[in-house]
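Let's work through a few short exercises together. Have your viewer ready, and try each task before you read its solution.

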2 protein chains.
Amino acid sequence: MIVRDFNDIVKNQRDRVVSDAKWSSVRMLLADDGMGFSFHITFLEEGSEHTFEYKNHFESVYCMQGKGSITDLATGETHEIKPGVMYALDKHDRHILRAEEELVMACCFNPPVTGTEVHREDGSYAAPGEVTEEVSA
Amino acid sequence: MIVRDFNDIVKNQRDRVVSDAKWSSVRMLLADDGMGFSFHITFLEEGSEHTFEYKNHFESVYCMQGKGSITDLATGETHEIKPGVMYALDKHDRHILRAEEELVMACCFNPPVTGTEVHREDGSYAAPGEVTEEVSA
């Protein structure tokens, strides 16, 4: 059994905290935990906007706190994001996520993220095994 | 893209809410969503105690609210459960979960739960494809 405390990770295991422009993500579970998915608590800064497209991953995102919106770039449809709303990128949907207030999200990735991925210019993460640059921060 | 609202499910999609003795679970994602995992928001009643052993599933559980403890029945070790603590049953660990206060948990299952599983006497869910009784409630 693995037991981890978000607050302990933030204080003492900074290698499990990944930050990029206007978001940061606390990796509670990664690929090497062997669960077949990864689980992250992710913060998106108030006022920020993000274009992502996980071509190689399925991701579900559950809003625990905050306020924002998501636009599906295939359909143009925009959905409100508030606590209790979940979106799942079952078609690897390219999307824009906006945080009107800071968003705190519980995210699952399949296949699991290894922890060394960076968002590429197209908003994706590399597929497992695909050569990727190291996170520099 | 799938978008679902916890509050809408609770009000209008009762087939996605599964209850058993002293717990209930809102199924935000199930096997037929095709994500490769399922995602549930689960409530464990104040004062309740539960013995589970997911022999056929990996499960991670992130505490969003409440207070309790988990005992690993293989090692006898007990861990505090409070907001921010996650446990992951990477060895299909048989365990006792106690809710001193109502616990609200974000749960991921791999393989994904179909929604018709019931806890068997041994605390497990059937494997995908294994014959199981229907949820009666």
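A salt bridge is a side-chain nitrogen of Lys or Arg within 4 Å of a carboxyl oxygen of Asp or Glu. This is a predicted model, in which local features need pLDDT of at least 70 and side-chain atom pairs count only at pLDDT 80 or more, while totals for chains, interfaces and linings use all residues. Residues are numbered from 1 along each chain as its sequence is written, chains are lettered from A and ligands numbered from 1 in the order in which they are written, and side-chain values use heavy atoms, with hydrogens and water left out.

**Exercise 1. Find the salt bridges of B:Asp90 and B:Arg4, and describe the surroundings of the residues involved.**

Step 1. Begin with B:Asp90, whose side chain meets that of B:Lys91 in a salt bridge at 3.5 Å, N to O. B:Lys91 is exposed, with a relative accessible area of 59% (buried means under 20% relative accessible area, exposed over 50%, partly exposed in between, with a 1.4 Å probe and protein chains only).

Step 2. Now turn to B:Arg4, which forms a salt bridge with B:Asp33, the closest N and O atoms being 3.0 Å apart. B:Arg4 sits in strand 1 of chain B and B:Asp33 in the loop between strand 3 and strand 4 of chain B, so this pair ties together parts that are 29 residues apart in sequence. Helices (H or I, at least four residues) and strands (E, at least two) are DSSP runs, numbered from the N terminus.

Step 3. Check the accessibility: B:Arg4 is buried at 15%, and B:Asp33 is buried at 11%.

**Exercise 2. Which residue forms a salt bridge with A:Asp33, and which parts of chain A does the pair tie together?**

Step 1. The partner is A:Arg16, with the closest N and O atoms 4.0 Å apart.

Step 2. A:Asp33 lies in the loop between strand 3 and strand 4 of chain A and A:Arg16 in the loop between helix 1 (6-12) and strand 2 (17-20), so the pair ties together parts that are 17 residues apart in sequence. Both A:Asp33 and A:Arg16 are buried.

**Exercise 3. Trace the strand partners of strand 8 of chain A.**

Step 1. Within chain A, strand 6 (residues 58-72) and strand 8 run antiparallel and are joined by 3 bridges (two strands pair if DSSP finds at least two bridges between them). Here A:Tyr62 has A:Met86 as its bridge partner.

Step 2. Across to chain B, 4 bridges join strand 8 of chain A to strand 1 of chain B, again in the antiparallel sense. A:Tyr87 stands opposite B:Val3.

Step 3. Look at the faces of strand 8 (residues 85-88) of chain A: A:Val85 and A:Tyr87 on one side and A:Met86 and A:Ala88 on the other are all buried.

**Exercise 4. Describe the interface of chain B and chain A.**

Step 1. Count contacts (heavy atoms within 4.5 Å): 39 residues of chain B touch 39 residues of chain A.

Step 2. The two chains bury about 3,100 Å² between them, 70% of it on carbon and sulfur atoms. Buried area is the accessible area (1.4 Å probe) that two parts lose on being put together, summed over both.

Step 3. B:Met1, B:Met35 and B:Met86 supply 25% of the area that chain B buries against chain A, more than any other three residues.

Step 4. Finish with charges: the rule finds 0 salt bridges across this interface.
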